[in-house]
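Colleague: Got a minute to go through this model with me? Let's start with the charges and then pick out a single residue.

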Amino acid sequence: MVAFIVLIVLLAIGAPIAFAILLSMVGYLTQVDYPLSLIATRIFSGLDSFAILAIPLFVLAGELMNESGITGRIIKFANALVGHMKAGLAQVNIWASVIFAGLSGSAVADTSALGRIFIPEMEKDGYPRDFAAALTAASSVIGPMIPPSIPVIIYALITAGSSVPALFLAGVAPGILLAAGLSLYVRFRAGHYAEVHPKKTVRERFQALGEAWIPLFMPVFIVGSILTGIVTPTEAAALAAGYALIAGMFVMRSLHINQLPGIFVRAMRDSSVILIIIGVVAAANWLLTFARVPQSLSALVLDQISDPWIFLLLVNVILLVVGLFLEGIAAMLVLLPILHPIAMSMGIDPTHFGIVVIFNLMIGLVTPPMGICLFVSNSIANVGMGAISRRIMPLFLVELAVLAIITFIPQTVTFLPRLFGY
């Protein structure tokens with residue numbers, strides 16, 4: 001109980017999640033008179049996994065593709081497809097996120113890379129700057145859903161048994177559903193901001209496709225190699241990094257050798273933040289299991305709730321609230337060891353449950369007061385968090401509607417994995 005209070009207090013005052021968990025563990029082990037060296041042992045045991053190598057490799061692949069200057073090619077291709085529609089540039093913003101999702105697997109990278117181009121361009125086209133910033137942040141939730149996806153890798157690591165290929169496939173439909181929902185919203189609610197642009201010719205569309213084939217082929221190549229059993233997810237991450245390096249340096253020739261040190265430093269920095277949290281939470285999970293907390297909570301919940309649909313509704317409410325204050329991956333690492341066993345004991349499909357959890361927590365990236373993508377978007381737009389938060393609310397409701405669909409119609413998530421035999 002003391003350890004839990006310490007954790008809550010530290011999180012409330014803004015302490016980093018890894019250090020908050022670490023200090024609460026120190027408090028518990030001191031209380032039960034266990035050696036503190038157990039923490040270090042369990043942290044390193046938690047990181048002693050071949051699968052974890054996929055995380056820094058996917059981060060590196062995303063950095064290489066971003067630095068290669070492919071963002072402009074993606075935007076040109078998206079513009080050729082949907083730029084002529086009502087609220088055309090807003091539509092391009094959304095569907096560029098769909099394409100970009102297959103490169104970085106990160107909502108924050110999506111917001112940063114696309115926001116620098118779209119926010120000023122949408123303002124020139126007649127859209128309010130705060131709306132452009134909010135839409136860029138909202139569409140970035142698509143990033144972690146469409147493979148490759150860093151949160152999916154982390155989910156599979158935590159649950160120890162979930163299929164990465166199945167989760168990759170399962171994330172495609174929710175990502176497309178969200179893009180379609182946001183597109184409908186901007187068509188009917190934001191179409192008056194800008195004039196409709198002329199439709200691109202077939203030749204212009206093929207030209208845009210010719211320039212964008214390298215980034216478009218990357219997710220097909222990576223996911224296809226996993227589904228066919230040629231490589232493991234970790235080996236696929238190495239292939240992604242190699243593909244991005246060769247494409248940037250030798251095919252597009254937009255990446256130069258003097259840029260590589262900076263790219264590797266940023267990839268190592270971003271990866272280290274994730275890996276520190278994973279190591280600390282692995283130690284905390286061992287401690288929770290040792291204290292039989294998941295088993296006790298599972299028995300308590302199962303005594304009170306027998307309907308899986310009520311449980312899923314309760315999980316959504318809990319995760320939406322937690323997502324207001326904790327970053328998605330951190331919340332996943334803390335809550336999944338408790339929620340996942342309960343879901344499995346209720347007979348909920350593990351792939352369905354995984355996508356519901358990931359989608360839910362990614363929504364937290366765009367909800368105030370702690371939505372990271374909102375901060376990134378505001379750092380570009382400089383319109384104030386209050387203005388972006390007001391603009392994000394209708395888009396947040398669209399995302400809630402998609403969450404309800406994938407929660408209560410499991411087939412929207414599971415049909416693709418089952419089609420491929422997962």
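Colleague: How far apart are the mean positions of the positive and negative charges of the protein?

Modeller: Lys and Arg count as positive and Asp and Glu as negative, with His and the chain ends not counted. Each charge is placed at NZ of Lys, CZ of Arg, CG of Asp or CD of Glu. With 20 positive and 19 negative charges, the two mean positions are separated by 9 Å.

Colleague: And what should I know about the model itself?

Modeller: It's a predicted model, where local features need pLDDT of at least 70 and side-chain atom pairs count only at pLDDT 80 or more, while totals for chains, interfaces and linings use all residues. Residues are numbered from 1 along each chain as its sequence is written, and side-chain values use heavy atoms, leaving out hydrogens and water.

Colleague: Is Thr111 buried or exposed?

Modeller: Thr111 sits in helix H7, residues 107-124 (helices are DSSP runs of H or I, at least four residues, numbered from the N terminus). Buried means under 20% relative accessible area, exposed over 50%, partly exposed in between, with a 1.4 Å probe and protein chains only. Thr111 has 1% relative accessibility, so it counts as buried.

Colleague: Which residue's side chain joins that of Thr111 in a polar contact of 3.1 Å?

Modeller: Beyond four places in sequence, the contacts of Thr111 (heavy atoms within 4.5 Å) include Thr136, Ser140 and Cys373. A polar contact is a pair of N or O atoms within 3.5 Å; within protein, one must be able to donate a hydrogen and the other to accept it, and residues adjacent in sequence count only if both atoms are side-chain atoms. At 3.1 Å, the partner is Ser140.

Notes:
Helices (H or I, at least four residues) and strands (E, at least two) are DSSP runs, numbered from the N terminus.
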